[in-house]
Amino acid sequence: MKLITAVVKPHKLEDVRTALETFGVTGMTVTEASGYGRQKGHTEVYRGAEYEVDLVPKVRLEVVVEDGDSTDVLDVIVKAAQTGKIGDGKVWVTPVETIVRVRTGEVDGDAL
Amino acid sequence: MTLMEINAGDTAWVLVSAALVFLMTPGLAFFYGGMVRVKSVLNMMMMSAITIAVVTVLWVVVGYSLTFGGDNGGVIGNFSVAGLKGLIAPEAVSGTIPTLAFVAFQLMFAIITPALISGAIADRASFRGWIVFVALWTSLVYFPVAHAVWYLDGEGGGGFIATGIKAIDFAGGTAVHVNAGAAALALAIVLGRRVGWRKDPMRPHSLPLVVLGAGLLWFGWFGFNAGSALSAGTTAAVTFVNTQVATAAAVIGWLIVERIRHGKATTLGMASGAVAGLVAITPACGAVTPVGALILGVVAGGICAFAVSLKYKLGFDDSLDVVGVHLVGGLVGSLAIGFLGSAAAPSAVDGLFYGGGAGQLGRQALANLIVGVYSFVVAFVLAKLIDLTIGFRIKEDDEREGVDQVEHAETAYDFLAAGSGLRGPATAVRTPAPVDDAPAKDAADKEGANA
């Protein structure tokens, strides 16, 4: 199994969620996040005083999928989250050793 | 002075205007409150609110009398109507309105003038220091300045700026804005810069509050300017239109400067441009034509947009740009009379552009120089005295923590409700058991005893 973590623009969350549901992903965890990448945030101007805002609001989305699905899911997320502008975010894949559904005690594939 | 008959229309207009001007102070509280950081918004609003309380009391006791009760050498009134003595009588009439309507209207000006100053010392002033300053500055500066600028005894005499220098200040460019702006500069210097100024971000915490405040100020300003006609007639209509025109033009002026300098037209710039326009048209609203107001507004908006960066160049921390908007805006508007004044307008003075020569310009400059210097010097001395005695600036650690918490034991927003709990006197810490449980508990006790 793989854990796919995506940090994307907040307004793209709905697009990503819909795309994943269409693909067949049954659940996900979403957290509010803030951060920056290569572009280093943005500049805001208040009465001529410029502020560099480095930590930009993002959402962090996590799904666990079967090994065979990970490449497709990765692709789905990237396509849905893409605006083409700077600050679109990152997606990465990490291996998961085991997973247990708390309610039933089912493990791994059954627990997804 | 000949006794005139009360006119219901005039009276209604002045009373409504008084209420409109009153609304400007809560409006200012929102305008300033939105511009400070989360940890200072309540203190900022309280600094406006307390001037309502302190100045109202002062005004009734001696303020009105010292400002508009008689004349001593053109610089101050006397105590003849202290406590508003005799002014509730039906025969107490000023022009065509009851004198008390004038008392109420002018009170609102006395309230908002010191409130304007507070923006210069956001985040770092002790509340009691501010209260003492408001009481002293209003008594020693606002009352005599308003007297000098506005008091006329009906026989050609009165305040020395009105009758001696003959400077025009229709609704308060000199008496309110230059006066408050100069005091603000003095306070910003005496109290010193905020901790982290020019290093830490100090961006406004709520621009919607700023816009709400600017909107209330704009709305109330119709009372401020058009109410100053003290009658519901042509002068009120001219000043009303000029106020609207200049303010709209100033928004455009400010935004043009922003667009050129930073590539964006900002919301704060829009709100600031509006206030700059309102400030600038205040002295001139009775002296210019609507086209004159248009020019005045766009120029004032542009100049003030540049002026707010003065503090960075000169190194004083006027937190919310009271100097850049009120001192500079008031000066621009007041001096503009010398250029754009038209004999066709109610004040009936031709400026330079209308063939009137430079005389009026000189009179405007002199009046503002006198008021500005006087206000700056007295405010500087008062602030130093307060700082050396009861303290005017809060401690550095307290400033970092937030002036709201330290000065008022409150914070504006509940970000982490789950982490807070009621802490009161020892007896109030534990919630008493609900009444309904009492019989059950008794029964259980009995059962236990029997067992």
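# A walk through chains A and B

In chain A, if you take the contacts between residues at least 6 apart in sequence, 72% of them join residues at least 24 apart. Keep in mind that this is a predicted model, with an ipTM of 0.75 and a pTM of 0.85.

Let's stay with chain A for a moment. Its secondary structure amounts to 2 helices and 6 strands, and reading from the N terminus you meet them in the order β-α-β-β-β-β-α-β. Chain A is more spread out than a compact globule, because its radius of gyration is 17 Å, well over the 13 Å that the globule rule gives for 112 residues. The box around the C-alpha trace goes with that: about 60 × 25 × 20 Å along the principal axes.

What share of chain A counts as buried? Of its 112 residues, 34% do. The accessible surface of this chain is about 6,900 Å², and carbon and sulfur atoms account for 51% of that area. As for charge, chain A carries 14 positive and 19 negative ones, and the mean positions of these two groups sit 7 Å apart.

Now over to chain B, which has 17 helices and 2 strands. Here the globule rule works out: for 451 residues a compact globule would have a radius of gyration near 22 Å, and the 25 Å of chain B agrees with that. Along the principal axes, its C-alpha atoms fill a box of roughly 105 × 60 × 40 Å. In chain B, 54% of the 451 residues are buried. Looking at its contacts between residues at least 6 apart in sequence, you find that 77% link residues at least 24 apart.

On the outside, chain B exposes about 18,600 Å², with carbon and sulfur atoms supplying 67% of that. There are 25 positive and 29 negative side chains in chain B, and the centres of the two sets are 11 Å from each other.

How far can you lean on the chain B coordinates? The mean pLDDT of the chain is 93, and 91% of its residues reach 70 or more. Where does pLDDT stay under 50? That happens over residues 437-451 of chain B, and for this stretch the model has 0 contacts beyond four places in sequence.

Two loop residues of chain B are worth a stop. Start with B:K85, which you'll find in the loop between α2 (41-68) and β1 (93-94). Is B:K85 buried or exposed? B:K85 counts as exposed, because its relative accessibility is 58% and the cut-off for exposed is over 50%. If you want a distance to check on screen, B:K85 and B:I112 are 27 residues apart along the chain, and their C-alpha atoms are separated by 24 Å.

The other stop is B:S126, in the loop between α3 (99-117) and α4 (127-150) of chain B. With a relative accessibility of 7%, B:S126 counts as buried, since buried means under 20%. Which residues does B:S126 touch once its neighbours within four places in sequence are left aside? The contacts are with B:G391, B:F392, B:R393, B:I394 and B:E407. So of these two loop residues, B:K85 counts as exposed, whereas B:S126 counts as buried.

Notes:
Residues numbered from 1 in each chain as written. Chains lettered and ligands numbered in written order. Predicted model: local features only at pLDDT ≥ 70, side-chain atom pairs only at ≥ 80, totals over all residues. Heavy atoms only, no water. Helix = DSSP H or I, 4+ residues; strand = E, 2+ residues; numbered from the N terminus. Rg over C-alpha atoms; globule rule 2.2 N^0.38 Å. Buried < 20%, exposed > 50% of the residue type's maximum accessible area, 1.4 Å probe, protein only. Contact = heavy atoms within 4.5 Å. Areas by Shrake-Rupley, 256 points an atom, 1.4 Å probe, with all protein chains shown as cover. Lys, Arg positive; Asp, Glu negative; His and termini not counted. Charge placed at Lys NZ, Arg CZ, Asp CG, Glu CD. pLDDT = per-residue confidence, 0-100.
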